[in-house]
Amino acid sequence: MQALAPSTVAHSAAPNNQGSNSSNDSVWDLSAYNGIEVDLGAGDGKLYTLILKDEESQDKRDDGREKAGISWEADFRASKGFEDRIGEEVVGNKVWIPWHVLKPTYRGKEKGDRGGIKPDQIRRIGLMTRSFFGTQQGDFRLEIRSIMARYHSSEVADSTVNVQR
């Protein structure tokens with residue numbers, strides 16, 4: 001995933017999204033797992049956001065697209081690694097995001113306690129980079145090896161690797 005993050009929008013979240021291409025009828029039951037693991041290759045040191053949706057929007061916009069609804073988000077930082085890549089295999093890193101660290105948001109703003117994500121009702125999975133209100137901008141590049149639901153032992157499940165709170 002790579003692109004140029006908008007830098008002309010002052011003081012905004014300025015998102016760039018990449019998401020799953022599921023229809024509203026697709027639901028993934030991930031209740032056998034206790035979180036999501038993102039396996040990264042080389043990165044650029046910037047913040048990214050994993051976004052999950054567990055509700056189907058009942059309302060549609062005039063153009064037929066789904067209206068915004070509650071999303072569950074966790075921010076993580078991708079380790080730098082492109083400079084050292086020439087002629088070497090990039091080992092990369094894994095980001096572990098347990099269900100309990102996902103925060104409910106509406107259009108990027110926290111919405112308080114919503115009772116926790118429903119892992120048996122996952123309808124959409126996506127990644128986003130944003131300006132974080134002007135704290136980062138410009139080109140971004142992130143190699144993603146995989147995104148998968150995982151079950152980790154309680155020892156690992158209680159830790160979060162690279163997740164920003």
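How many bridges pair S5 and S7, and in which sense? I open with that question as a way into the structure, which is a predicted model. The answer is 4 bridges, with S5 and S7 pairing in the antiparallel sense. One position in that pairing is Ser71, which stands opposite Thr105 in S7.

Let me step back to the overall layout. The protein chain contains 1 helix and 12 strands. In sequence order the pattern reads β-β-β-β-β-β-β-β-β-β-β-α-β. The chain has 165 residues, and buried residues account for 41% of them.

I turn now to strand S4, residues 47-53. S4 is mostly covered, with 7 of its 7 residues buried. Its side chains point in two directions: Leu47, Thr49, Ile51 and Lys53 go one way, Tyr48, Leu50 and Leu52 go the other way, and all are buried. I would draw attention to Lys53, a charged residue that is among those buried in S4.

S4 has pairings with S5 and with S9. With S5, the pairing is antiparallel and extends over 6 bridges. Two of the partnerships can be named: Leu47 has Arg77 of S5 as its bridge partner, and Leu52 has Trp72 of S5. With S9, S4 is joined by 5 bridges, and these strands also run antiparallel. Here Lys53 stands opposite Arg124 in S9. As a general reminder, the strands of a sheet pair through backbone hydrogen bonds, in either a parallel or an antiparallel arrangement.

Strand S9 covers residues 124-129, and Leu127 is found in it. Is Leu127 buried or exposed? Leu127 has a relative accessible area of 4%, so it counts as buried, the limit being under 20%. Leu127 and Leu50 are 77 residues apart in sequence, yet their C-alpha atoms are 4.7 Å apart in space.

Next, strand S5 itself, residues 70-77. Of the 8 residues of S5, 7 are buried, and the strand is therefore largely enclosed by the rest of the structure. S5 also matters to the account of the interior. The largest nonpolar core has 23 residues, and those with the most contacts inside it are Ile36, Leu52, Phe76, Ile97 and Leu102. At least two residues of this core come from each of S3, S4, S5 and S6. Which strand gives the largest share of this core? That strand is S5, with 4 residues.

S3 and S6 lead us to a further sheet. This is an open sheet of 3 strands in the order S6-S3-S11, with antiparallel pairing. Strand S6, residues 93-98, and strand S11, residues 144-150, are the edge strands, each pairing on one side only. From one strand to the next, the twist averages 15 degrees. Between S3, residues 35-40, and S11 there are 6 bridges, and the two run antiparallel. Within that pairing, Asp39 has Ser146 of S11 as its bridge partner.

I come now to the second largest pocket, whose volume is about 160 Å³. Its lining consists of 10 residues, and the closest to the pocket centre are Glu73, Asp75, Gly108, Arg130 and Phe132. S5 and S7, the latter being residues 103-106, are the elements that give two or more residues to this lining. The two strands of my opening question thus return here as contributors to the pocket. By residue class, the lining divides into 3 nonpolar, 2 polar and 5 charged.

A last local feature concerns the loop between S7 and strand S8, residues 109-110, where Arg107 is found. Most residues other than glycine have a negative phi. Arg107, by contrast, has a positive phi, near 50 degrees. Where does Arg107 stand in terms of accessibility, buried or exposed? Its relative accessibility is 65%, and because values over 50% count as exposed, Arg107 is placed in that class.

To close, I return to the central strands of this account. S5 pairs antiparallel with S4 over 6 bridges and with S7 over 4 bridges. S5 supplies the largest share of the largest nonpolar core, and with S7 it gives two or more residues to the lining of the second largest pocket. Thank you.

How values were computed:
Residues numbered from 1 in each chain as written. Predicted model: local features only at pLDDT ≥ 70, side-chain atom pairs only at ≥ 80, totals over all residues. Heavy atoms only, no water. 1 Å grid on protein atoms, 1.4 Å probe; cavity = no way out; pocket = protein on both sides within 12 Å on 5 of 7 lines; lining within 4 Å. Points joined across faces, edges and corners; volume = space filled by probe spheres on them. Buried < 20%, exposed > 50% of the residue type's maximum accessible area, 1.4 Å probe, protein only. Pairing = 2+ DSSP bridges. Axes fitted to C-alpha atoms, helices over the stretch in contact; angles between N-to-C directions. Core = buried A, V, L, I, M, F, W, Y, C linked by side-chain atoms within 4.5 Å.
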